[in-house]
2 protein chains.
Amino acid sequence: MTLQTRQIEKSPNAYGYPLLLKNILRTPLIYSPDQEIVYRDKKRMTYRDLAARISQLGSGLLAMGVKPGDVIGIMDWDSDRYLASYFAVPGIGAVMHTINVRLSPEQVLWTMNHAEDAVVFVHEDFIPIVEAIKDQAKTVKKWILIKETDAPVKSSVAFDCEFEEILAKGAADYEFPDFDENTMATLFYTTGTTGDPKGVYFSHRQLMLHTLAMSVATGAFAGNGRIHSDDVYMPITPMFHVHAWGVPYVATMLGIKQVYPGRYEPEMLLKLLISEKVTFSHCVPTILHMLVSSPVAKKVDLRGWKVIIGGSALPRGLAKAAMELGIDIYTGYGMSETCPLLTLSALSPDMLSLDTEAQLDFRTKTGRAVPLVDIRIVDPMMKDTPKDNQTAGEIVVRAPWLTQGYYKNPDKGKELWEGGYLHTGDVAVIDDKGWIRITDRIKDVIKTGGEWISSLELESLISQTPGVSEVAVVGVPHEKWGERPVAMVVALPETSGEALPEAIKNHLAKFVDDGTISKWAIPEQINVVAAIPKTSVGKIDKKVIRAELAKK
Amino acid sequence: MTLQTRQIEKSPNAYGYPLLLKNILRTPLIYSPDQEIVYRDKKRMTYRDLAARISQLGSGLLAMGVKPGDVIGIMDWDSDRYLASYFAVPGIGAVMHTINVRLSPEQVLWTMNHAEDAVVFVHEDFIPIVEAIKDQAKTVKKWILIKETDAPVKSSVAFDCEFEEILAKGAADYEFPDFDENTMATLFYTTGTTGDPKGVYFSHRQLMLHTLAMSVATGAFAGNGRIHSDDVYMPITPMFHVHAWGVPYVATMLGIKQVYPGRYEPEMLLKLLISEKVTFSHCVPTILHMLVSSPVAKKVDLRGWKVIIGGSALPRGLAKAAMELGIDIYTGYGMSETCPLLTLSALSPDMLSLDTEAQLDFRTKTGRAVPLVDIRIVDPMMKDTPKDNQTAGEIVVRAPWLTQGYYKNPDKGKELWEGGYLHTGDVAVIDDKGWIRITDRIKDVIKTGGEWISSLELESLISQTPGVSEVAVVGVPHEKWGERPVAMVVALPETSGEALPEAIKNHLAKFVDDGTISKWAIPEQINVVAAIPKTSVGKIDKKVIRAELAKK
């Protein structure tokens, strides 16, 4: 649609202030220049120091020949160095490739070659990975060593210099240039269960708008989990992963004290949590589970610690255990492709008087859309599902900070953006107050007779049938209904497998009666098997199950 | 400077989410759809109602033939109608011209003709103005009546219809279109002491970034005066003036309860303040003075009321009186050309333990830059002045929300933006913590021998000399020093005018000794006169004084 609106002429003034990441640093230098950035128990610096080091790193990179548009890979633990790179690398117009150091050397190599890294920062802990791949990393011209210990480094890698030498060559008063806000700032790779890693990338503009909206969402709305400039922040989501959810940019803009824990070791995390008086973190459920079940956790006071859980659903049991320790826990939802923030499950002030169980109902939900996010739950025709907290649909989304596709992979990007909305692949319900709850992944949903049935929900109900040890439900193609659910179950020892299918059907019928599931959800076919196919990491392998069933 | 950075391709996805004002309405409809918008003691509605009325107004305007790019003038008191127009008019791609109803009919006409208003909303109270000018308002095709009373309207104006009839023709579920975020959204006129009014205009993008940054500045930093979604907001700065400082957009994004007081009558303001439990307002010093000195103010509890003072400097006496009533008072600085927000004088948490006098020192300052604002205090060569809280320079600024010039007046715009920064015309000092204090207007500053001397400060010191009744100081051209200060004084009755110049010089010498002023600040020429030239509204007329001195 083209409207004959009045355009503001593109004068130098209009665009004289592009949304560049460097502008985040203005406020901490005014409001809290002496506030600290802490790295483990090893280093402390002020925002003034940080800003000087960012300028040194940016100008040092230029001095060593890095050009705007070059891609710089980073293999480091969460640190002040990484934080400085968050600003310095995009600040000179280069692209920061945050390398996932948990990938196999082959995958790391694949991403380096695909991203065309020209320079790579390598923490000494990751030298073995680089030694294994350096000869095939064709685009890398310079390896830079990040050294923390005094031990001499023996390696076959021809390091160009050490990280601190780059800073030494730079100028602390260097001022970053202006350029187009649509310049690519960051790049990283997301790995699915199949296929090559996919590159996801964000511009300065996108990161700036994400930072502003996240600050409003966590700071200006009333309720629990509020983040203000007097908080103390420690990320427990790796900085290579979606820029640690973008929170370091928020924390920096607000001039918050920041604590970087390096490698995640429970003892160090808890030690920093206490000694630095951390009030705000974010992590995946596994990490929080590890922390709250550690013996040390029982001895320390974690009350008031605000923790946003993301990465996967927040289990109710974990949320309850955390709340009992006084932790202010809630959910954040997003994905690599969405920069990531889309929703938060922080409560409104009136909900804080609800009892724990009622609060858990909401804190474990996916949440409500943050400012600017246009989120919809739609059926396959892109029609909105009713806001009845029951009808499932796919979450599709628009926001000013979504990846525009996959890097150098235009076909995949088209799929992602079908119909003008980014398709998350998550299936959810929404209530009349905008609260969203994810029920499944779309690839595991069974579409039958126009209805969507959650395989996860069916598995959960079937697993409660007496005698069932393990269960997997997949959809198989059906001429009339599109798909039909098929269950594969393993009987408990001493249980007759023969009677199990009928018992399961009777068990499920009760949930049809009370409205939990539709009658179309009961599988006609329930196969009792000796074992369910699993992947190498022990997850149920639905792809193999589907393939086996297709053969029959 | 052109950098070879990597540009993100301008795909439909990248620009599929322009920063348009309509997107502000997403969050209140999720977080507080039943929260109220109140108009005097006459009307209450929810955000759900407001959103429906905005859709009705937008689609109703289209139905009556309004086209994107048309300019719609508004002559109304602060109301829910005005708030709906803030979204509906720019929402269809039209331009909202907020007419200053305090101007003379001739000036109103001038702005209507200059803005080329096609449609004008007219509250019945302003019919006399329209009657006086309608025949010369060449571009206006339709006058729309806003009627509040039941009394029949007798007027020579041929009204096309009533405001509510437009809504009746519109659809409550109308969805506003997407278009370029650089589309002009608002236009209004600023009047100086001389010359024609100047049009200042803002795009959707600019207003969106202003809204986000103001929300972060007032919501996510810790300290006093914080604005969160559980506040109750009542503007006491007219909605025609810089969109009531942009706060209605912030309040709407956060889903805050909003109270619109219509015409400003002290009794109604205080009544609403109490009955609606208002917690946050903004106004000019005169209005606050009127309110706190009203007899009713003594009888009511104003504790915790957050008030941002702008428009002119916050006098210490008023600030103290307000603090004694428990009002959380501080300064906001900006101007029509800057959308307006540039700085706030809210205190950091550590400053809240200061005693009242020390707090007043800061609360009455101009403040510190809010996020994204690049503010500098510079000498005439655009070099930064030292951050010594003493050396004066002009405030120049960059931010993503500054007017790009004056509407249809490119020459004036060039002047405004000299050197890539917007020149505020305000002279200020800055300390090493970024606190700014305005000392003068640049046109009243005396530039002598490379130093800037504040005429206001000199006048203040001279006025304290015994025997002085009135004083004005201006700069006159000087071959060697550029300019020299010349004082014009009126002696008190019974004071010998002859001895006054020497007494003044001796008095000023004391302030040279203690470092308050430089020795160059003492005028050689002090003219004792019978009267000082004044403008029609009683302000000292420095233009006339300069002209008179030039003749000599």
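**Inside a predicted two-chain model**

Thr27(A) sits in helix 1 of chain A, which covers residues 26–31; helices here are DSSP runs (H or I, at least four residues), numbered from the N terminus. The structure is a predicted model, so local features need pLDDT of at least 70 and side-chain atom pairs count only at pLDDT 80 or more, while totals for chains, interfaces and linings use all residues. Residues are numbered from 1 along each chain as its sequence is written, chains are lettered from A and ligands numbered from 1 in the order in which they are written, and side-chain values use heavy atoms, with hydrogens and water left out.

Back to that threonine. Thr27(A) has a relative accessible area of 2%, so it counts as buried (under 20% relative accessible area; over 50% would be exposed, and in between partly exposed, with a 1.4 Å probe and protein chains only). A polar atom of the Thr27(A) side chain lies 2.6 Å from the backbone oxygen of Met253(A). Leaving out residues up to four places away in sequence, Thr27(A) touches Ser32(A) and Met253(A), along with Phe221(B), Ala369(B), Val370(B) and Pro371(B); touching means a contact, with heavy atoms within 4.5 Å.

Over in chain B, helix 9 (residues 247–254) is mostly covered, with eight of its eight residues buried. Among them are Tyr249(B), Thr252(B) and Met253(B). Right after this helix, Gly255(B) takes a positive phi of about 70 degrees.

The largest nonpolar core has 230 residues. Such a core is a set of buried Ala, Val, Leu, Ile, Met, Phe, Trp, Tyr and Cys residues joined through side-chain atoms within 4.5 Å. The residues with the most contacts inside this core are Met75 and Phe121, in chain A and in chain B: Met75(A), Phe121(A), Met75(B) and Phe121(B). For Phe121(A), the residues touched include Leu57(A), Leu61(A), Met75(A), Ile144(A) and Phe163(A), again not counting residues up to four places away in sequence.

On a wider scale, chain A is split into domain 1 (21–283) and domain 2 (445–552), with bounds that come from an automatic or database domain assignment. The centres of these two domains, taken over C-alpha atoms, are 45 Å apart.

What about the cysteines? The count of disulfides (pairs of cysteine sulfur atoms within 2.5 Å) comes to zero over all chains. Cys283(A) is in no disulfide, and its nearest cysteine sulfur, that of Cys339(A), is 20 Å away. Cys283(B) is in no disulfide either, with the sulfur of Cys339(B), the nearest, 20 Å away. Cys283(A) is buried, at 0% relative accessibility, and Cys283(B) is buried at 0% too.

Note on methods: Helices (H or I, at least four residues) and strands (E, at least two) are DSSP runs, numbered from the N terminus. A polar contact is a pair of N or O atoms within 3.5 Å; within protein, one must be able to donate a hydrogen and the other to accept it, and residues adjacent in sequence count only if both atoms are side-chain atoms.
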